[in-house]
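The following paragraphs lead the reader through a protein structure, moving from its surface to its interior. Please keep the sequence and the model in view while reading.

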Amino acid sequence: MTLLMNRTSFFVKQAALVLFFACVLGLGVVFFAPLLTRNLKLLIALPFAGAALILMSLNFRWTIIVIITTRALLDPILEQTKSHGGPGIGGLLNLFMILMVLVTAARFPDKVKKCRFLIPWVFFLAACLPMIYRSPVRSQSIRTWLMLLTYACVFFAPFLALKDEKDKAFWVRLLIISSFLPILIACAGFIFKHPMFYLDGRLNGTFSHPNILAFYVLLVITMVLYVLKTGILKLTVAKKVMLNFYLVLLMIILVLTQTRSAWISCAMLFFLYGVLKEKKMLIFLFLGVLLLTATPQVQSRLKDLTEGTGARKHEKLNSMAWRVRLWQSAYPLMLQKPVLGYGLGTFQDYSIDFFPLANWKGSPAHNVFVEAIFETGFVGLLSYLAIFGWMLKALYKRMRSSVGAFSREAVIAIVCIVSYLISCYADNLNYYLAFNWYFYFFIGLILAGINLKTKPKPEETNF
C-alpha cells in the first residue's frame with residue numbers, strides 16, 4: 001500500500017510538473033503569436049520545440065544531458081527562428097532552463113541552502129533589476145537580465161544534479177564527448193569552406209561568430225587538460241594518446257578562428273598552470289608559441305595590430321585601436337553616472353550618439369568591464385566581480401588544503417576563470433550564450449564537487 005501511494009504521489013507530481021510547463025508554453029505561444037504570422041520557420045518549429053520541452057520537463061537530469069549534448073550545435077537553427085532581431089525558439093529554451101532549475105530548486109531546498117555560491121549571483125541579479133527600470137530600451141534590458149539569469153541557473157544545475165564522484169566523472173565525460181560533433185563540423189567547414197561554417201576567412205563552425213567558437217574550443221582545451229591532469233577518468237594509454245591528439249586538433253581550430261583574445265587567454269591558461277603546478281609546462285608553452293607564431297594565420301593577425309593604430313589621421317583603425325577609441329568615447333558618459341549607470345543592455349544603443357565610428361545599429365562595448373560600468377555603474381561591476389571572487393576564494397582554499405588530483409583540479413578551475421576574465425577585457429563575452437552555458441556548468445561542477453563526502457579512486461570510472 002505504501003509503495004502504491006508513493007508511486008501515485010510520484011505520478012501526480014510529474015503530471016503537475018507537465019501541466020505547469022504546458023501552461024507556461026501556452027503563455028509563451030501567446031507572447032510569440034505576433035511573430036508567428038511573420039516567420040514561417042518559427043511557426044513550424046514552435047510545436048516541435050514545445051513538445052520537446054514538455055517531454056524534457058519530466059526529468060531534470062535528462063534535461064541537462066540533452067542540453068549539454070546539443071546546445072553547441074543549435075545556434076544555426078535558433079538564429080533561423082528569430083524575427084527582426086526579436087526572440088525566437090532560443091528565448092523559449094532560455095525560459096525553460098530558468099523554470100526547470102527554479103522548480104527543481106524548490107523541490108530540494110536543502111541543496112539551495114548549502115550552495116553559498118548563489119549569494120553573489122543573487123546580489124548581482126538583484127543589483128541589475130533597478131537598471132532595467134532606468135533603461136530606455138526595457139525589452140532589451142529584460143532579455144539581457146534573463147540571459148544573465150540563465151547563467152546563474154546553469155551554474156547552479158550541477159549542485160542539484162551531482163550525486164557523488166562517480167557521477168561527477170559522468171558529467172565530465174559527457175562534456176568532452178559532447179564537443180566531438182561541433183569540432184568535427186568545424187573541421188569539415190574548414191575543409192569544404194562552407195559559408196555557414198567558415199565566415200569571411202575565419203572558422204566559426206556551428207556558432208554564429210568565430211569568436212564564440214574560439215572561446216568554446218578554449219574551454220574544451222581546459223576540460224581535456226583537466227581530464228589528463230586529474231585522473232578523474234580511467235584512461236588507457238591509447239585513450240591518453242587520442243586525447244593528446246585531440247588537444248592538438250583543438251589548438252589548430254583555435255588558430256583558424258583567428259581570435260587573438262582567445263589566443264592570449266589560452267597562453268595565459270597554460271602559463272598560470274605551469275607557474276602554479278608544473279614548471280615543465282612552461283617549456284612546452286614556449287615551444288608552442290614559437291611554432292604557432294610561424295604560421296601564416298597568426299603572423300597575419302599579429303601584423304594587423306601594428307597597422308591602423310590611429311597615429312595618422314583618417315587611417316582605418318585595426319580592431320584593437322578601434323576598441324580603445326570606443327572605450328575612450330564612452331568614458332565621459334560613464335563619469336556622469338558612475339554609481340548606477342544608464343541601464344542594463346543600453347551600451348550599444350547609446351553608442352550611436354557618442355561613438356562616431358558606430359554603424360546604424362550601434363556598437364557593443366567589446367569589454368565586459370566597460371560595459372558593466374556604463375550600464376550598471378560600479379554597483380553592477382563590483383557585484384559581478386564578486387561572483388568570481390567567491391569562486392576563486394573557494395578554489396584557492398581547496399588548492400592549498402589538498403594535494404594531488406584535487407589540488408590540480410582547483411588550479412585548473414582557477415586558471416580557467418582567470419583566462420575567462422582576461423577574455424572579458426576585449427570581447428563581448430557575456431553575450432556568447434552557448435559558450436557561457438558550458439563554462440558556468442563546468443565551473444559549477446567543480447565547485448559542487450568540493451563538498452562531496454565520497455572520494456573514490458580514479459580507477460572506479462571509465463572514459
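On the surface of this predicted model, Ile-283, Phe-286, Leu-287 and Leu-290 form a nonpolar patch. Together these four residues offer about 430 Å² of accessible area. Phe-286, one of the four, has its place in helix 14, which covers residues 280-292. With a relative accessible area of 55%, Phe-286 lies above the 50% cut-off and therefore counts as exposed.

The patch may be set against the protein as a whole. The protein exposes about 22500 Å², and carbon and sulfur atoms supply 70% of that area. Of its 463 residues, 52% count as buried. The protein contains 20 helices and 2 strands. Among contacts with a separation of 6 or more, 75% are accounted for by residues 24 or more positions apart.

Another residue with some accessible surface is Ile-252, which is found in helix 12 (residues 237-257). Its relative accessible area of 45% makes Ile-252 partly exposed. The C-alpha atom of Ile-252 is separated by 10.0 Å from that of Val-217, a residue 35 positions away along the chain.

Thr-346 provides a view of the interior. This residue is found in the loop between helix 16 (319-336) and helix 17 (347-354). Is Thr-346 buried or exposed? Its relative accessibility is 0%, and so Thr-346 counts as buried. Leaving aside residues up to four places away in sequence, Thr-346 touches Ser-135, Pro-136, Val-137, Ser-141, Phe-374 and Glu-375.

The interior also contains enclosed spaces. How many cavities of 30 Å³ or more does the structure hold? There are 4 of them, and the largest has a volume of about 130 Å³. This largest cavity is lined by 14 residues, of which Phe-124, Leu-148, Leu-344, Glu-371 and Asn-430 are the closest to its centre. Helix 7 (118-134), helix 8 (138-161) and helix 18 (368-401) are the elements that each give two or more residues to the lining. Helix 18 supplies the largest share, with 6 residues.

Charged side chains add a further set of links. A search of the whole structure finds 6 salt bridges. In one of them, Arg-61 pairs with Asp-167, and the closest N and O atoms are 2.4 Å apart. This pair links distant parts of the chain, since Arg-61 belongs to helix 3 (residues 60-70) and Asp-167 to helix 9 (residues 165-178), 106 residues apart. How do the two partners stand with respect to the surface, and what is the relative accessibility of each? Arg-61, at 22%, counts as partly exposed, whereas Asp-167, at 6%, counts as buried. The boundary between these two classes is 20%, so the partners fall on opposite sides of it.

A second salt bridge joins Asp-75 and Arg-71, with the closest N and O atoms 2.9 Å apart. Asp-75 is buried, with a relative accessible area of 10%, and Arg-71 is buried as well, with a relative accessible area of 6%.

A third salt bridge is formed by the side chains of Glu-409 and Arg-398, with an N to O distance of 3.7 Å. Here Glu-409 lies in helix 19 (residues 404-423) and Arg-398 in helix 18, and the two residues are 11 positions apart. Both Glu-409 and Arg-398 are buried. Through salt bridges that share partners, Glu-165, Lys-168, Arg-398 and Glu-409 are joined into one network. Helix 18 thus appears in two settings: it contributes to the lining of the largest cavity, and it carries Arg-398.

The backbone deserves a final look. Most residues other than glycine have a negative phi. Which sign does phi take at Gln-258? Although Gln-258 is not a glycine, its phi is positive, at about 60 degrees. Gln-258 lies in the loop between helix 12 and helix 13 (260-276), and its relative accessibility of 15% means that it counts as buried. His-366 likewise has a positive phi, of about 55 degrees, without being a glycine. His-366 lies in the loop between helix 17 and helix 18 and is buried, with a relative accessible area of 15%.

Technical notes: Residues are numbered from 1 along each chain as its sequence is written. This is a predicted model: local features need pLDDT of at least 70, side-chain atom pairs count only at pLDDT 80 or more; totals for chains, interfaces and linings use all residues. Side-chain values use heavy atoms; hydrogens and water are left out. Helices (H or I, at least four residues) and strands (E, at least two) are DSSP runs, numbered from the N terminus. Buried means under 20% relative accessible area, exposed over 50%, partly exposed in between (1.4 Å probe, protein chains only). Contact means heavy atoms within 4.5 Å. Accessible areas come from the Shrake-Rupley method with a 1.4 Å probe; for residues, only the protein chains shown count as cover. Patches are made of residues with over 30% relative accessible area and no salt bridge: like charges are joined within 9 Å, nonpolar side chains (Val, Leu, Ile, Met, Phe, Trp, Tyr) within 5 Å. On a 1 Å grid over the protein atoms alone, a cavity is a set of points where a 1.4 Å probe fits but cannot get out, and a pocket is an open set with protein on both sides within 12 Å along at least five of seven lines; lining residues have an atom within 4 Å of a point. Grid points are joined across faces, edges and corners, and a volume is the space filled by probe spheres set on the points.
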